[in-house]
Amino acid sequence: MAIKKGLFKTSVGRKNLMAVTGLFIIFFLIIHLVGNLILIIPNSFFPIEFWGGVANTHDMYNAYSHFLVHFWPVTLVAWVLYVAIITHIIDATLITINNWRSRGDKYIVTDNSTSTWYSRNMGILGTIIGVFLVIHMAQFWLQYKVLKVEHDLYELVIVTLKTWWFVLIYEIGIIALGFHLVHGIESAHRSLGIYPKKLMNVIKYVALCFSLVMAILYAIIPIIIYFK
């Protein structure tokens, strides 16, 4: 049946595809966070003699951004990331639609005693993250990398995050991301079969801690810049 329908047209295949693309996106989130933490490093922390012409946070962040845009292996990985994000969104949408259809009777009583709020609302959380992603990319990626109308990305980020409602949008998006990560990491392990019963609680704990650390570190960057 799986071969006849195509691997990624089955429920299992789609969940595996979502797990793989999700884990790749998580890998990107870690790298992206490390780069963005440069924004809040005090200038006094930069060893000028080690970095050559890089004397402060402004120079360091722009040098990092320039490297990402002009180093071709990074560009290649970026295109893989775009494909992964689009695939992840389409796959999640198809799985959600299939789940709705498979429920049949809308009056059926569902037992939610063993599930969490965020696991039952991954679609809503994913939609919030999707809206946030569009705003984020329109503000930075489009202006700096595509249209090239902004050449000082550090200045663009600082000016943007001095606006309170932009900071609020970021905080909402990051909170949604944190909840999405907790359930997403657990689900990815289940989908890929890396979920032995003996390690079930350990994986859940690691997923929770990882998601919490990621959310906190991402969330403090706009707040620190706004009040700086």
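Helices and strands here are runs assigned by DSSP, with at least four residues for a helix and at least two for a strand. With that in hand, the stretch at residues 20–41 of this predicted model comes out as 77% helix and 0% strand, and its end C-alpha atoms sit 33 Å apart. The UniProt record, an unreviewed entry, labels this stretch a "transmembrane region", and it gives the same label to residues 76–97, 122–144, 164–182 and 202–227. Another of these, residues 164–182, is 100% helix and 0% strand, with 27 Å between its end C-alpha atoms.

Now for the overall picture. The protein has 10 helices and zero strands, so reading along the sequence gives nothing but the pattern α-α-α-α-α-α-α-α-α-α. Of its 228 residues, 33% count as buried.

Helix H2 covers residues 11–36, and its length can be checked with a bit of arithmetic. At 1.5 Å a residue, its 26 residues should span 38 Å; the end C-alpha atoms turn out to be 36 Å apart, which agrees. Quite a few H2 residues are buried, among them Gly13, Arg14, Ala19 and Thr21. Further along H2, the buried list also includes Ile25, Ile26, Leu29 and Leu33, as well as Gly35 and Asn36. As a rule, an α-helix has 3.6 residues a turn, so residues three or four places apart point the same way.

On to how the helices pack. Two packed helices are described by the angle between their axes and the distance between the axes. Helix H9 (residues 164–191) and helix H10 (residues 200–227) have axes that come within 9 Å and cross at roughly 165°. Angles over 145 degrees count as roughly antiparallel, and that is why H9 is described as roughly antiparallel to H10. The crossing of H9 past H10 is right-handed. Sorted by class, the residues in this contact are 18 nonpolar, three polar and four charged.

H9 also packs with helix H7 (residues 122–146), at an angle of about 135° and with the axes 9 Å apart. H7 and H9 are therefore oblique to each other. In this pair, H7 passes H9 in a left-handed crossing.

One residue elsewhere is worth a look: His66, which belongs to helix H4 (residues 57–70). Its relative accessible area is 44%, and because buried means under 20% and exposed means over 50%, His66 counts as partly exposed. His66 and Tyr144 are 78 residues apart in sequence, yet their C-alpha atoms are 9.9 Å apart in space.

Key. Residues numbered from 1 in each chain as written. Predicted model: local features only at pLDDT ≥ 70, side-chain atom pairs only at ≥ 80, totals over all residues. Heavy atoms only, no water. UniProt positions renumbered as here; feature names shortened; annotations may be inferred. Axes fitted to C-alpha atoms, helices over the stretch in contact; angles between N-to-C directions. Parallel < 35°, antiparallel > 145°, perpendicular 65-115°, else oblique. Left-handed = near helix turned anticlockwise from the far one by under 90°. Nonpolar A, V, L, I, M, F, W, Y, C, P; charged D, E, K, R; others polar. Buried < 20%, exposed > 50% of the residue type's maximum accessible area, 1.4 Å probe, protein only. Expected span 1.5 Å × (residues − 1).
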